[in-house]
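Here is a short tour for anyone meeting this protein for the first time. Have a look at the model, and then we'll go through a few spots worth finding.

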Amino acid sequence: MPAECSVPCIELVCAPVDSVMDLQTQVAQAVQVLNHDLQSCNRVAANQWLVHFQHTDAAWEVATKILALDSIHTHDYEVELFASQVLKRKIQSDAGSLKPEDRSALQNALLMSAKKFSTGPSQLLRQICLALSALVLRAVEWRKPVEQLFASLSELQGQGTGSNAILELLTVLPEEVMEDQLVNCSVDPNRRWQFTRELLSHTGAVLEFLLQHTKNDSMENSQLHDKQRKVLRCLLSWVSVGCFLEVPQSSIPTHPLLNFVYNSLQDASTFDLAVEVLTELVSRHETLPQVLLPRMLSVKEALLMPALATGNENIVNGLVSLMAELGQAAPALIAQASTDALALADALLRCVAFPCPDWEIAESTLQFWCTIAEYLLAMGETHGELQKQRALATFIPVYSALLDALVMRSQVGSGEYVEDDLDGNTGLPDGLAHFRVSLDEPLADICRLLGPSQYFAKLLHGADTWCSFDSIVPWQVVEARLFALNMVSDVVLQGGQLLDLTPVMHLLVYMQSGNCAIDPILMNLIHKSGAQVVGSYSGWICSYPNAILPLLSFLAAGLPIPVAASACATALRKMCEDVSSIATEPTTFEGLIRVGEELYNVHLSLQEEEDVVCAIGCVLSTLTSSAELNKALERLLKPSHEAITALLKTDSEGSLKLHSASYAAALEAGIRALHRLGIYFSQLSSSSVDNFNGEEPMLRILAHFWPLLERLLLSRHTEDGGLALAACKTLSHAIQASGRKFSTLLPNIMTALSSNFIAYQSHVCFIRTAAVAVEEFGHESDHGSLFIETLRVFTASDAMSQMNSSYACDQEPELAEAYMNFTSSFVRCCPREVVAASDELLEASFDKAAICCTAMHRGAAIAAMSYMSCFLGAGLSSLMDPGSDKSKLSLATVTAKICYQSGENVISGILYALLGVSAMARVHKATTILQQLAAFCYIGGGDEKLALNWSSLQSWLVAAVQALPPEYLKQGEIETLIATWLSALEAAASDYYKSRGACNGGRTGAAGYMQGDGGRTLKRVLREFADAHRYTTPGFGTT
């Protein structure tokens, strides 16, 4: 402890305790130090001592004594509050340690304490009552503990101010039930249910008690308001637990307490609680909305209208929540369009337009409007089309006015778009951004009710003046209307009707003229909303051929604007996908190519840049002229070539070692250049390049860039993970796009990938790209030795050598997943003789897979199981192929040898996988693997060369099960598990053999796996095993 700290806390911690009184004194001292000492070290020591004290058995008696002291020897409020909190916590966590007689004594002591502090302090009384209610809830040995408590309360009620304590206790009793259910869950659900039922059996007495307390008029106003608030809070607690379900439902509308609550709305001191009670009642009792709806007209006139006029947010917010809940609880009542219902809708409509600075009030009405709209739209099925049309005729004007109000509230008002207050993603104030997100469903419902034509007509009304030089354009309104148009695009497009977007097209073209004087920040928002409209309705752009070029210019101009960049990039991609004439119109095509050329000067995110490049690539893929395509690609890729070249030159300048700002910029430029190059490869690989006499455009790009890619892969620049990933993605796209023409470069590529992985083993992208190469060229036997060597390098790497436990796999899950996917590609794509020639490597990888399938990381585990299944499936195909060679070097023989060596490890891995995390997600793969393994033993038993039979499987299963730690299985489960699994495995193996034998002589096909009763039985057995042990999370492998 620092020298400046005083010693009282140390003495407090170490002082011997001779009596309960001494301990009380030390508790008081510790609380005083904790709350008031200026030295932080003393406060820490006091806190540690008090925490330790709370866990001692002496805390029960000491805390009880502190609360029971008479007024002469009483401690201060802080000590008493601490004592009450100690008792509450100990009861909630450790009430089972108390003897029955001690529980009874503690309850009596708490009752006396509640009476003692019935006049306050209120927080102390509440803590005492919480402790008492927690004790009663956990009084399992008492018969009808609530009834005993209520008997004690009857005695307490006649003692002076004891009714205050009763009121507080009645408030917290239902709260304790709900709080324990939602948070603590420390009480058995059956016990909680019994307690709740017993509590509700006293509903009549409680409601009568509350009613009596509403009639006490002999108090001063402040005392009366305080008592009314307590009554309302208690009533809310009982309503929440369902007390009015215990009384005849027909009596609720005329219940005196309901009038008390309704009248409490008129008093500002009780308004908020009255709203909560009424809202809770409306949500629970279907008869109440029709009782309260007629009263809402007077509430609107007496409370809501004055509050709207004076800007009283508290009153408006409370009434909105009540009225909205009333409508949501009874949409059929509102849909009748009575005078009261329309008055309620008008009230909420006024609240939508209320200028609340955080949009909370308007947002709280939205669910009401959605509920009513959905009911109206469904009326044709429930009430007939005629009644639906009558209701719509009444409510369409209401929803039309709602659209106006929502557009108004979604506007960016003057002065609200201060740059420092804007949300970085939307460019809007935070509250408005959240409000706009919540308008998705309401605006879609309004569009369905009004119809797309009327919706468009309303939003575009007056739009012909937006581009007029003689009028002042309300740009905030324009931006909000563009937003509202974009939000309903799905609904409009589903209707299939082509609507007139001419005013929007004229507006966007006019904005490009530079003649509109708009605040720059608002201009950016309009640019964003306009781009979103273009993207959403891109399929209609073909109807406006004269607007295509100006629209491309508009979208290109928005790319440098951070707020609008994403919307413009997306719209550009969609427009190029939907408008086929862009490639055939020279001016438009030239404009698009210029966008691509200048892309390196624009600071876009990778996703935004991908959208732009995809847009250009989409247009390029429609070209039919090889010369035109090559010329365009040369222009587009020139900046990328320059950026990669500049990056490669930095080695000689020593910037790599210095990590200077200039190198960081060159590195970022190189990454983006590779990213763009990869997208062009990807886009053109699926294009109409067949028209170009093979794959000439791809080869030209490849010839131009391969020397740079090769130098890059051999340089130290790949130490950077971002650059390595970009280079590998580009290489993967190039391999997939170029096809067999890439074959001559394959040895250099695989060597570069292997050496780079050995140098930077955290970069799994090298393994992933190697897997792509195997998938493309694995079927060519000429490359067999190359792929075997690549597998050897990956398997022998330090990173994979250390992958000898599930823990190690979870430490490097991406590496494990990438390696397992590579081995799967190798087995699946390479010829059988190539796979068989790598027997030692496959055995090592198979053992790794048996370990990795137990990992907590789902992707790594599933990849490992997929590899095991792929390998076993390939071996079985070789075994059952009548024309296959069964010699020493055949794939069937190699698979049998590996199974013989690793069979026990495989079954152990499957067992641990089914005992671990996400076991149910692994049941299907586990079933396939075990069925394949069983089929190999079942079929191979008749072939002496394979040295594998059914006894092998039995011995593996017995050894694997017996090796499990005893705590992982239930007592006596081992014997039944082995017998059950063996029976299911035999049936599954037989099913597989019969099914595969009937499927093309055992050649490749989907038949065989879990197709018969045996396979399905095995899956059921494994699923039941995993379900019965779903909370076991073991680790597997060497620790």
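Let's start with Glu668, which is partly exposed, with a relative accessible area of 37%. Keep in mind that you're looking at a predicted model. The side chain of Glu668 meets that of Arg672 in a salt bridge, at 2.8 Å from N to O. Both residues belong to helix 36 (residues 661–685), where they sit 4 residues apart, about one turn of the helix. Arg672 has a relative accessibility of 18%, so it counts as buried, the cut-off being under 20%.

That pair has company: the count of salt bridges comes to 26. Some of them share partners, and in this way Arg126, Glu168, Glu175 and Arg233 are joined into one network. As a general point, side chains of opposite charge can pair when their charged atoms come close.

Two other pairs are easy to look up. In helix 18 (residues 339–352), Arg350 and Asp346 are 4 residues apart, so about one helical turn separates them. Their side chains form a salt bridge too, at 2.8 Å from N to O. Arg350 is partly exposed, at 40% relative accessible area, and Asp346 is also partly exposed, at 25%. Over in helix 24 (residues 440–450), Asp445 and Arg448 are 3 residues apart, again about one turn of the helix. Their closest N and O atoms are 3.1 Å apart in a salt bridge. Here Asp445 is buried, with 4% relative accessibility, while Arg448 is partly exposed, with 43%.

Now for the nonpolar side of things. In soluble globular proteins, nonpolar side chains tend to be buried together. The largest nonpolar core in this model has 370 residues, and the members that touch the most others are Tyr399, Leu443 and Leu620. Helix 48 (residues 891–915) is the top contributor to this core, giving 14 residues.

What does Leu443 touch, leaving aside residues up to four places away in sequence? Its contacts are Leu403, Leu406, Tyr455, Phe483, Ala484, Met487 and Val488. Two of these names, Phe483 and Met487, come up again in the largest pocket, where they are among the residues nearest its centre.

That pocket is lined by 22 residues, and Asn486, Lys528 and Gln532 are also among those nearest the centre. Several helices give two or more residues to the lining: helix 23 (430–438), helix 26 (475–487), helix 27 (489–495), helix 29 (520–536) and helix 31 (562–578). Helix 29 gives the most, with 7 residues.

There are enclosed spaces as well: the structure holds 3 cavities of 30 Å³ or more. The largest cavity is lined by Leu235, Phe244, Ile252, His255, Leu257, Leu258, Val261 and Leu281. Helix 13 (residues 256–264) gives the most to this lining, with 3 residues.

Here are the largest pocket and the largest cavity side by side.

| Space | Volume | Lining residues by type |
|---|---|---|
| Largest pocket | About 420 Å³ | 9 nonpolar, 8 polar, 5 charged |
| Largest cavity | About 40 Å³ | 7 nonpolar, 1 polar, no charged |

So where might you look next? A good spot to revisit is Leu443, one of the core members that touch the most others, along with its contacts Phe483 and Met487.

How values were computed
Residues numbered from 1 in each chain as written. Predicted model: local features only at pLDDT ≥ 70, side-chain atom pairs only at ≥ 80, totals over all residues. Heavy atoms only, no water. 1 Å grid on protein atoms, 1.4 Å probe; cavity = no way out; pocket = protein on both sides within 12 Å on 5 of 7 lines; lining within 4 Å. Points joined across faces, edges and corners; volume = space filled by probe spheres on them. Nonpolar A, V, L, I, M, F, W, Y, C, P; charged D, E, K, R; others polar. Salt bridge = Lys/Arg side-chain N within 4 Å of Asp/Glu carboxyl O. Buried < 20%, exposed > 50% of the residue type's maximum accessible area, 1.4 Å probe, protein only. Core = buried A, V, L, I, M, F, W, Y, C linked by side-chain atoms within 4.5 Å. Contact = heavy atoms within 4.5 Å.
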